Amino acid sequence: MTRGATARLFVAVDPPAEVSEELLAWTRRALTRMSRGRSPRANGDARVLEREALHLTLCFLGGRPVSEIDTIGGALADCAASVGELELGAPLWLPPRHPRVLAVEVHDREGGLERLHGALCGALAHATDWQPERRRFKAHITVARIRGGRRERRRRRPRPGESASANGSERVEEPSLPATPQLRFTPAAVVLYRSFLSRSGASYEALASCELLAAGS
C-alpha cells in the first residue's frame with residue numbers, strides 16, 4: 001500500500017432491497033416520461049443507479065488517510081441509537097438550479113435520523129480532524145445521475161407585440177414526474193463505505209458497520 005494513500009469514504013444507512021427495487025422501477029418510469037415530454041432536464045445522459053448504489057448518506061468524509069479507516073469504523077459503535085421508521089417523500093433535483101442527480105427525499109418524522117447524523121458528526125470529528133459540512137442535513141436517496149445535461153439559456157422577455165417564439169423565448173414546460181412510491185423502512189445498520197470512481201460510475205465497498213438499536217431499546 002502506498003505511503004500516504006487516501007480512500008474516498010462516507011457513512012450511510014441503506015434502504016432494504018425491496019424498497020430499492022421499487023424506487024428504481026419508479027425512476028425508470030420517471031425518466032421515460034421526461035424523455036417523451038422532451039424535458040430540458042432529460043437532454044443529458046440519464047443513468048439509473050444500480051440497487052447496490054442506493055444509499056442514504058449521513059456523512060461524506062471525502063478523501064481520508066487509509067490509516068484512519070479502523071478508527072473511523074470504530075467510531076460508528078458510539079452512535080448505535082434507534083432511528084425509527086423513515087418515509088419516502090417527493091422527488092428532488094440536486095442541485096436545484098443545474099441538477100446533476102435525481103433523488104427522492106426521506107422524511108424523518110421521529111427525528112431519529114437527524115440525531116444519528118449529529119452523533120456521527122461529533123464522533124467522527126472527535127476521532128479525526130474531519131469537520132462536518134456547515135449546510136443543513138437533507139435526507140435523500142439518489143436514484144439517477146444526469147451526465148452532460150445542457151444548461152438552459154437565459155432568454156429575454158418578448159417586446160410588446162412580439163411573440164414568445166419569435167426570439168426563442170418560448171418556455172418549455174416540464175412534464176410532471178409520477179408520484180413516488182409510498183414506502184417506509186427502518187434502517188438496520190450504519191455503514192462505513194469506500195467509493196471507487198470510474199468512467200462507468202462509482203462502486204462501493206463496505207468497510208465497517210454497526211447495527212442500530214431497535215425501537216424502544
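Strand E1 is a good place to start: 6 of its 8 residues are buried, so E1 is largely enclosed by the rest of the structure. That reading, like everything below, comes from a predicted model. Two partners flank the story of this strand. E1 is joined to E3 by 8 bridges, with the two running antiparallel, and E1 also pairs with E8, again in the antiparallel sense, over 5 bridges. Valine 11 takes part on both counts: it stands opposite cysteine 59 in E3, and its bridge partner in E8 is leucine 192. One place along, alanine 12 has valine 191 as its bridge partner in E8.

The ladder carries on from there. E8 and E9 run antiparallel and are joined by 10 bridges, and the link between them is a hairpin through 2 residues. Leucine 192, already met as the partner of valine 11, has alanine 208 as its bridge partner in E9. In general terms, strands of a sheet pair through backbone hydrogen bonds, which can be parallel or antiparallel.

Stepping back to the whole chain, the secondary structure comes to 3 helices and 9 strands. Read from the N terminus, the elements run β-α-β-β-α-β-β-α-β-β-β-β. The protein chain has 217 residues, and 39% of them count as buried. Contacts reach a long way along the sequence: taking those between residues at least 6 apart, 78% join residues at least 24 apart. As for the outside, the accessible surface comes to about 13300 Å², with 45% of it belonging to carbon and sulfur atoms.

Another part of the fold is an open sheet of 5 strands, ordered E2-E6-E5-E4-E7 and paired in the antiparallel sense. E2 (45–48) and E7 stand at its edges with a single partner strand each, so one side of each is left without a neighbour in the sheet. Further in, E5 (residues 101–107) and E6 are joined by 5 bridges and run antiparallel. Valine 101 stands opposite arginine 145 of E6. The loop between E4 (86–94) and E5 holds proline 95, and here the backbone does something worth a look: the peptide bond from leucine 94 to proline 95 is cis, with omega near -15°. For context, most peptide bonds are trans.

Being on an edge strand does not leave phenylalanine 185 out in the open. This residue sits in E7 and, at 3% relative accessibility, counts as buried, the cut-off being under 20%. Leaving aside residues up to four places away in sequence, phenylalanine 185 touches Asp14, Pro15, Pro16, Val19, Gly84, Glu85, Leu86, Leu88 and Ile141. One of these contacts spans a long stretch of chain: phenylalanine 185 and proline 16 are 169 residues apart in sequence, yet 7.3 Å apart in space, C-alpha to C-alpha.

Threonine 180 lies in the loop between E6 and E7 (184–185). Despite its place in a loop, threonine 180 is buried, with a relative accessible area of 15%. With residues up to four places away in sequence again set aside, threonine 180 touches Trp26, Gly89, Ala90, Pro91 and Val104.

That leaves the empty space. The largest pocket has a volume of about 1400 Å³. Its lining is made up of 38 residues, and those nearest the centre are Thr57, Phe60, His140, Thr142 and Arg145. Arginine 145 is thus a familiar name, as the residue opposite valine 101. By type, the lining residues divide into 18 nonpolar, 9 polar and 11 charged. Several elements contribute: E1 (6–13), E3 (56–65), H3 (112–127), E6 (140–147), E8 (189–198) and E9 (201–211) each supply at least two residues of the lining. E6 gives the most, with 6 residues. E1, the largely enclosed strand of the opening paragraph, is therefore also among the elements that line this pocket.

Key:
Residues numbered from 1 in each chain as written. Predicted model: local features only at pLDDT ≥ 70, side-chain atom pairs only at ≥ 80, totals over all residues. Heavy atoms only, no water. 1 Å grid on protein atoms, 1.4 Å probe; cavity = no way out; pocket = protein on both sides within 12 Å on 5 of 7 lines; lining within 4 Å. Points joined across faces, edges and corners; volume = space filled by probe spheres on them. Helix = DSSP H or I, 4+ residues; strand = E, 2+ residues; numbered from the N terminus. Nonpolar A, V, L, I, M, F, W, Y, C, P; charged D, E, K, R; others polar. Buried < 20%, exposed > 50% of the residue type's maximum accessible area, 1.4 Å probe, protein only. Contact = heavy atoms within 4.5 Å. Areas by Shrake-Rupley, 256 points an atom, 1.4 Å probe, with all protein chains shown as cover. Pairing = 2+ DSSP bridges.
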